Amino acid sequence: MLDNAKIPGFIGKKILRLISLLLVVSFISFMLVQYSPIDPVRAYLGEMAVSAEHKEKLEEYWGVNTPPQEKFLNWAGSLLKGDFGVSLIYRVPVTDVIKERFTASLALMASSWLISGILGFVLGIAAGMHKGTLFDRAIKTYCYILTATPTFWLALILLMIFSVQLGWFPIGLSVPIGVTAENVTFFDRIEHLILPALTLSILGVAQIAMFTREKLIEVMSSDYVLFAKARGEKGLDLVLRHGIRNVALPAITLQFLSFSELFGGTVLVEQVFSYQGIGLATVAAGLKSDVPLLLGIVLISAVFVFVGNLIADIIYEFIDPRIKQQESTI
Amino acid sequence: MENKTEINAKGKKGTEALLKVEDLSLSFIQYASGLRQTELKVICNLSIQANRGEILAVVGSSGSGKSLLAHAILGILPSNAKLDGKIEYDGQELTQKNKEDLRGKEIALVPQSVTYLDPLMKISNQVIGAVEEGKEGLMKKLQREIFQKYDLKPDVERMFPHELSGGMARRVLVSTAVMSSAKLIIADEPTPGLDEKTLNETLSYFKDMANKGCAVMLITHDIEAALKISDKIAVFYAGTVLEVANVKDFKNDGENLRHPYTRALWNALPQNKFQAIKGHQPMQDEVVDGCIFYERCSKKNELCSKGIPQFKKVNGGVVRCNNVS
């Protein structure tokens, strides 16, 4: 049923947009690091005392005296050859750092994205069905409070309750301390994942639940639901037959559009839980002026958010039967 | 079962009322400024009767509350609506619970436009509606038969509502009512925006239903369309029915019509005198003590401004007017 003539144009437009996005994003990030007041050498050394000679070597390593345009062009040039460069703080190729950190974060983001999406949708449907009741108001209040809750604050609260006081979960990190990488079990990883994922899920619920609730109320007061009622449909069956069908597509679209917030939330949550993911790496790279790593992460995260938006667009343009019709009548 | 209805209907055509509405009033509770509640009356003291095997047209201008009458009978009014009066179906009083049980089975609505179909559901699923498990095959067969009868091609089944043309949409909407084998069909503005051919075709579907013994209530503002197929015309004005006339009364200068408003309506048609009368319908929040048509009436006298005129049977029709005998 796909409208094949539309696909090449769609892909072309999207690729062009992605390239321009990446260009602008990397340039702006580069400028920000370049003009940040942090002296990378001082940040690297901390309180350590070193000789002038040694310091000069370090300055050369960090590229302090290289002109910015040359630095940027060097980086961009090797990027075009597929080389992201070497991370200055970890001293390994940027791609390796990103691969390792992004995998850890992906588990965190994917689980909280799914949980918040499903839970938010169900809560939204339930609230919308019982509009005006105590139950609805409780869900609404819950959502308003969550929207106003800072991510790091909730993370701290959960950490205090479940890790410090109850001791159910580890205090931080994504793997146990003092265990070699080969000996980390799947269960260990899950155990470290639960609290950060829970934080992100709880917060992510609010937006999708409120949206689903509004949308369901709108659908339930539509002409076609009125007609369905006039034909004897009622109760949960009516909501399942007509409500869910009409709410699901926009809700899923919205959930894909929330990739950027998901990424932002991950950075904060990882910071609180010292979860060794892409968020922590971003903060470290930013604070220590690790330009290749920071730009690498920026590019990857831009692609990540772009993919979310792209999926939402695809749902909108190719899956919703109504849009297809409108296009073909133009 | 269908046969039985048919026999019944033939025997009693035009004599037995399937739906009786008596003294129906409908108002909406609204919050005015602050917490003060006001009641907005949209239908008052309305009485009509739909007989088996007949088409009753409820004719009135837009915004006079005609659709709400349909919604009141089906029990699909919004929650702030307040309903008074009596609705009887087949001799049994219609409570909200009864309405919920009967709608879709005994009473069917033919809605006015394609927006009453779920935009994301295929046509066949909507026409068949929600059915009990195990009955899908049977209903599918019935739906195919109906589509064939209404000249809807098999691929319409798989279409979405926005893909239907105007005429197709009309036939699909009518087929939803036929599917249900209901005995009372309420058609809410089924004809606007249709070309001559589609209009006549649509009207013939309702005639068919009446001939099969159904009571059809045709709600419309198109008096010409109503006159083509109806048996009786109820003239709806500002939330109430002023007159129920037989179709044959609408002829010449309308001298057989009982109410001045009905006559004015008839004479306003282009093929008649094309004359409009002055004024407009009273607004819903206006309080009118006497006859609701008082302001615009040419025959008014002092009595008319005091109290609503009672229904009188005149010449085989009923009318709410003091000045007829």
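## Close-up views of a predicted model

**Figure 1. Leu184(B) and the residues around it.** In this predicted model, let us begin with one residue and its contacts. Leaving aside residues up to four places away in sequence, Leu184(B) touches Leu18(B), Leu19(B), Ala50(B), Tyr89(B), Glu106(B), Ile107(B), Cys214(B) and Ala215(B). Leu184(B) also belongs to the largest nonpolar core, which has 144 residues. Which members of this core touch the most other members? They are Val58(B), Leu184(B), Ile185(B), Val216(B), Leu218(B) and Ala234(B). Chain A takes part too: helix H8 of chain A, residues 186-220, gives the most to this core, with 15 residues.

**Figure 2. Strand E8 of chain B, covered on both faces.** Is this strand mostly covered or mostly open? Strand E8 of chain B spans residues 215-220, and six of its six residues are buried, so we can call this strand mostly covered. In a regular strand, side chains alternate between the two faces of the sheet. On one side of E8(B) you will find Ala215(B), Met217(B) and Ile219(B), and on the other Val216(B), Leu218(B) and Thr220(B), all of them buried.

**Figure 3. The partners of strand E8 in chain B.** Strands of a sheet pair through backbone hydrogen bonds, either parallel or antiparallel. Strand E3 of chain B, residues 55-59, pairs with E8(B) in the parallel sense over five bridges. To find your way, look for Val58(B), which stands opposite Ile219(B) in E8(B). Strand E7 of chain B, residues 184-188, also runs parallel to E8(B), and five bridges join the two. Here Ile185(B) stands opposite Val216(B). From E7(B) the chain crosses through helix H7 of chain B, residues 196-211, to reach E8(B), making a right-handed β-α-β crossover.

**Figure 4. The eight-stranded sheet of chain B.** Now we step back to see a whole sheet. This open sheet of eight strands has mixed pairing and the order E6-E7-E8-E3-E9-E10-E12-E11 in chain B. Why do strands E6 (107-110) and E11 (311-314) of chain B each have one side without a neighbour in the sheet? They stand at the edges, and each has a single partner strand, so one side of each is left free of a neighbour. From one strand to the next, the twist averages 20°.

**Figure 5. The four-stranded sheet of chain B and a helix across it.** This open sheet has antiparallel pairing and the order E2-E1-E4-E5 in chain B. Its edge strands are E2 (37-51) and E5 (92-93) of chain B; each has a single partner strand, so one side of each lacks a neighbour in the sheet. Strand E4 of chain B, residues 81-89, is joined to E5(B) by two bridges in an antiparallel pair, with Glu88(B) opposite Glu93(B). Helix H2 of chain B, residues 66-74, lies across E1 (17-31), E2 and E4 of chain B, and runs at about 80° to E2(B).

**Figure 6. Where chain A touches chain B.** How many residues does each chain bring to the contact? Chain A brings 18 residues and chain B brings 22 residues. On the side of chain A, the elements giving two or more residues are helices H9 (223-230), H10 (235-257) and H14 (321-329) of chain A. H9(A) gives the most, with six residues. The residues on this side of chain A divide into five nonpolar, four polar and nine charged.

Definitions and conventions
Residues are numbered from 1 along each chain as its sequence is written. Chains are lettered from A and ligands numbered from 1 in the order in which they are written. This is a predicted model: local features need pLDDT of at least 70, side-chain atom pairs count only at pLDDT 80 or more; totals for chains, interfaces and linings use all residues. Two strands pair if DSSP finds at least two bridges between them. Two residues are in contact if their C-beta atoms, placed from the backbone, lie within 7 Å. Axes are lines fitted to C-alpha atoms, for helices over the stretch in contact, and angles run from 0 to 180 degrees between N-to-C directions. Ala, Val, Leu, Ile, Met, Phe, Trp, Tyr, Cys and Pro count as nonpolar, Asp, Glu, Lys and Arg as charged, and the others, Gly among them, as polar. A residue is buried if 20 or more other C-beta atoms lie within 10 Å of its own, exposed if 12 or fewer, and partly exposed in between; C-beta atoms are placed from the backbone. A crossover is right-handed if, with the strands pointing away from the viewer, the path from the first strand over the helix to the second runs clockwise. A nonpolar core is a set of buried Ala, Val, Leu, Ile, Met, Phe, Trp, Tyr and Cys residues joined through C-beta atoms within 7 Å.
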